[in-house]
Amino acid sequence: MSEYDGYEPVIGLEIHAQLQTESKIFCGCKNAYGEPPNTLTCPVCLGLPGALPVLNKQAVEKAIKMILAVGGKVRNRSVFARKNYFYPDLPKGYQISQFDKPIGEGGVINFQLEDGTKKSCRLTRIHIEEDAGKSLHPEKGEGITRVDLNRCGTPLIEIVSEPEMRSPEEAYAYFVKVKQILQYTKVSTGDMEKGHLRCDANISVRPVGQEEFGTRTEIKNMNSFKGVERAIKFEIQRQVKLLKSGGSVTQATLLWDESRQVAEAMRSKEEAHDYRYFPEPDLVNLVVKDDWIENVKENMPELPDKKAERFVKDYQIRPYDAMVLTDTVSLADYYDEVMQSAKDGRIAANWVQSELLGVLKDSGDDISTFRVRPNMIADIVNKIESKEISGKMAKTVFAEMVETGKGADAIIKEKGLVQISDEKQLLAIIDTIISANSGNVDKYKSGKTNLLGFFVGQVMKETKGQANPKVVNRLLKQKLDG
Amino acid sequence: MPEYKELTAKQMADGVKAGKLSAVELTKEAIKLAKTEGKALNAFITICEEKALKQAAAIDALVKKGTSSPSKPLAGVPVAIKDNISYTGYATTCASHILDGYIPPYDATCVKNLIDAGAIIIGKTNMDEFAMGSSNENSFYGPVKNPVNHELVPGGSSGGSTAVVAQRIVPIAFGSETGGSVRQPAALCGVFGLKPTYGGISRYGLVAFASSTDQIGPLARTAEDIALAYQVAAGRDENDSTSVAFDHPVYSEKLTTDKKFKIGIPKEYFAEGLDDEVKQVVEEAIKLLEKAGHTFKEISLPMTERAIAVYYIITSAEASSNLARYDGVKYGLREAGDQDLMTMYSTTRASGFGAEVKRRIMLGTYVLSAGYYDAYYRKASQVRELIRLDFEKAFNEVDLIISPTSPTPAFKLGEKIDDPLTMYLSDIYTASASLAGNPGISVPFGKTKDGLPIGVQFLAPWFAELSLFQISNILQKSAS
């Protein structure tokens, strides 16, 4: 706790995730990103006089899925409510959301810090709401603000945590874990750059040991995972400094400025909202029957924690590797597929994590469409395991695979890359080398045992690198020491 | 052509389908009347001449080809719709300055149903701004006059739709109700006016005032026509989550019945504030029906005295939210567009809304505000549930409830406009059923000694519109 001068941070997150649905939440318009402004609109999402919302069942199903994935409770009868405020990108003058009877309550997110510490944070609620449009403000000074209503009516869930996180690092790990679950369940793409995932943080600090919470502030406008961590850290430090100097924290909403790395208070006029929530009379209560919930449960995909457990158990890999390999569904699926034919889980895990991910990171290719398919990696892994090729050769084979998309066998054949482990064959070569280097043999025998490397090198040279170095080492030692 | 004004909608449609009447001729006559007599009443905001004549010609062509089927029950019948119902290509003003220049790009479901049924929409009628009012004096386009006496109000808020039916410019018109806006003007102008069960007619395309009680409702001169109009407009609509799938009977075939109704007389509806002549007329109706074999029973709706307060809290709350979209950003009026956003908002709304609308937005905003919500909105919602239970209990004992529609006959233009609380009492007998979602009808019956029409109201259980049409038919027949 010394990190914050005797103060302990208290953090809660509100995460908004756009749901991956075909159409918008209350109309038939396509739910898509990047189309020309105001082309994905209709009387309903434009809020034209007389238009009415009709709830999209797929959006409800996605919300149920997320609630179940985090162990929350799905309310059988939830109620939509209007959140009233004026803004040009909110065409009805209210947002349809849920207030005192949200669809989801409770649940917990288990996550791990970088040092391996396991933590968890309970959820207060998950509710369904619609997104607003986008105001496109001009760059500095002149010009007019334009409004794009394509995003209006995009289905969202808001995932609200309890104030149970105690450091920016925890908040970061929690947020990443929420994203991971959203992606595993296909509830959301979790793409922050496209605004599919957004996060607001509530932050307060209190002297270590004090039970009562301090006055909190809310920070908005963070647009990356690390940005969330940085913004929270900034705000904790600001509050601590303020308190240390005898000041007090005032409740406020702050906007994070990523380029300047500061959070600044919004004008009080912009935040002085009384949202005047009341039940949305244009929609009937949302009734979710138990058999629907059961059905979603039955179709729940394997979640990251379960998958990692299975990897450890079935493929005999370390928990840390399992965590890395289950980071995304596509990576986990890839590894799973490698293991359909690979015989050694650990070698496979190493290869996927270091070689494959290294190449993908450089090239920016998508793992699920990358030309080196899981069975091809499995071939390499099996050839290493059976000592057909050395680790070094394997790297050559892989590099060629990345380059040409050819299979391991073809590359090995083309390049003559088969490893020589046959003792007879190697002994013959060793004998030739020993007799051709009698001077060095004498030096070795007189104690210069580091000359072993020289002999190994000679054998490798003679075999164009194909000799199995382990076997060569052993045989040479036998010869020279014997 | 027989005398246009004497024809009912049913007679017109039958005549058109039989090739004896021309839809185009009927439409031309309706438009001519709209431009003359309608204008004198200030009943229309827009006349939809071009589209109406095209639709009429298409109907005539269908008949000529011999393909007009009985599935077009309103073939060639000129109708008018209130100017808060969305009709593609024609301004939908809600009689408000704030919707200046707004032309909807889509049809209300009710409009679609009407056009599918062969009806010809000839115009959009004047109303109280955003349907808020009981006298039709709250219109940006000026008040509508009562056809019976141009010094008097027609009632509201569907004053225009009611006046054009009473004046016989069209046989059927559609208004909308939030707490009496069809039934009350129907009573004041002497026509039939139906407030359907909540969810009976789709609200898609009806500009919202108070979503939880808004209902489109028809006006007509006969029980048969009003049944026909409801039949065409009603039904479950996928675009309105609150519309109800109900298996509607063919009302016109079941209008005549030997059934003897058990009718409740709510004592609270005959208490202080009821005009003596109105009371006498309703009592005459009771006597007449008693003679015909129907039985009456005094009942109690104890929550009645709370209804107006509950009604104004709930509907104003919803209105304050529903009317937030008129902000000068997207369509309609924009004032101070070169100023900052807050100035543009407040200038536009200050200039675009009339006094009554502003009053209700402020009231509604207040009752939903932090610190007041529990005392007002929540409490009103709880009492609303008690009002609903009052009706549920009553309808365990009786088939129908009878009462006056309005406590007074038509009053003078300007008489109550400066006294909103007195004006609000115009809805005292209608607001409860709106809050409870029950259907109600105002049947023209009797007159004051000055010759002013009086309406008798019947209320029924949810989706018992058939009983309302039957009792209307009985009363209409026994009166004539």
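The exercises below work through the chains of a predicted model.

**Exercise 1. Describe the overall form of chain A, and state into which domains chain A is divided.**

Solution. Begin with the radius of gyration, which is 30 Å for chain A, whereas a compact globule of 482 residues would have one near 23 Å. Next take the extents, since the C-alpha trace of chain A spans about 95 × 55 × 50 Å along its principal axes. Then turn to the division of the chain, which gives domain 1 (2-294), domain 2 (302-415) and domain 3 (423-481). The C-alpha centres of domain 1 and domain 3 of chain A lie 67 Å apart. Finally, consider the interior: 39% of the 482 residues in chain A are buried, and of the contacts with a separation of 6 or more, 70% are between residues 24 or more positions apart.

**Exercise 2. Determine how strand 7 and strand 8 of chain A are joined, and which residues of strand 7 lie on its covered face.**

Solution. Strand 7 (residues 108-112) and strand 8 (residues 118-130) of chain A run antiparallel and are joined by five bridges. The two strands form a hairpin with five residues between them, and in that turn A:Gly116 has a positive phi of about 95 degrees. Sorting the residues of strand 7 by face places A:Ile109 and A:Phe111 on the covered side, while A:Val108, A:Asn110 and A:Gln112 belong to the uncovered one. One of the covered residues, A:Ile109, stands opposite A:Cys121 in strand 8 of chain A.

**Exercise 3. Work out the strand order of the open sheet in chain B, and explain why strand 1 and strand 8 each have one side without a neighbour in the sheet.**

Solution. The sheet has 11 strands with mixed pairing, in the order 1-3-2-4-6-5-10-11-9-7-8. Strand 1 (44-47) and strand 8 (295-299) of chain B stand at the edges with a single partner strand each, and therefore one side of each lacks a neighbour in the sheet. From one strand to the next, the twist averages 30 degrees. Within the sheet, strand 4 (residues 172-177) and strand 6 (residues 215-220) of chain B run antiparallel and share six bridges, with B:Ala220 of strand 6 as the bridge partner of B:Ile172. Helix 2 (residues 23-41) of chain B packs on the sheet, where it touches strand 1, strand 2 (78-82) and strand 3 (120-125), and its direction makes about 15 degrees with that of strand 3.

**Exercise 4. Characterise the contact of chain A with chain B by residue number and class.**

Solution. Chain A contributes 23 residues to the contact, and chain B contributes 33. Sorted by class, the chain A side has 14 nonpolar, four polar and five charged residues.

Terms used: Residues numbered from 1 in each chain as written. Chains lettered and ligands numbered in written order. Predicted model: local features only at pLDDT ≥ 70, side-chain atom pairs only at ≥ 80, totals over all residues. Rg over C-alpha atoms; globule rule 2.2 N^0.38 Å. Buried ≥ 20, exposed ≤ 12 C-beta atoms within 10 Å, placed from the backbone. Contact = placed C-beta atoms within 7 Å. Nonpolar A, V, L, I, M, F, W, Y, C, P; charged D, E, K, R; others polar. Pairing = 2+ DSSP bridges. Helix = DSSP H or I, 4+ residues; strand = E, 2+ residues; numbered from the N terminus. Axes fitted to C-alpha atoms, helices over the stretch in contact; angles between N-to-C directions. Domains from an automatic or database assignment.
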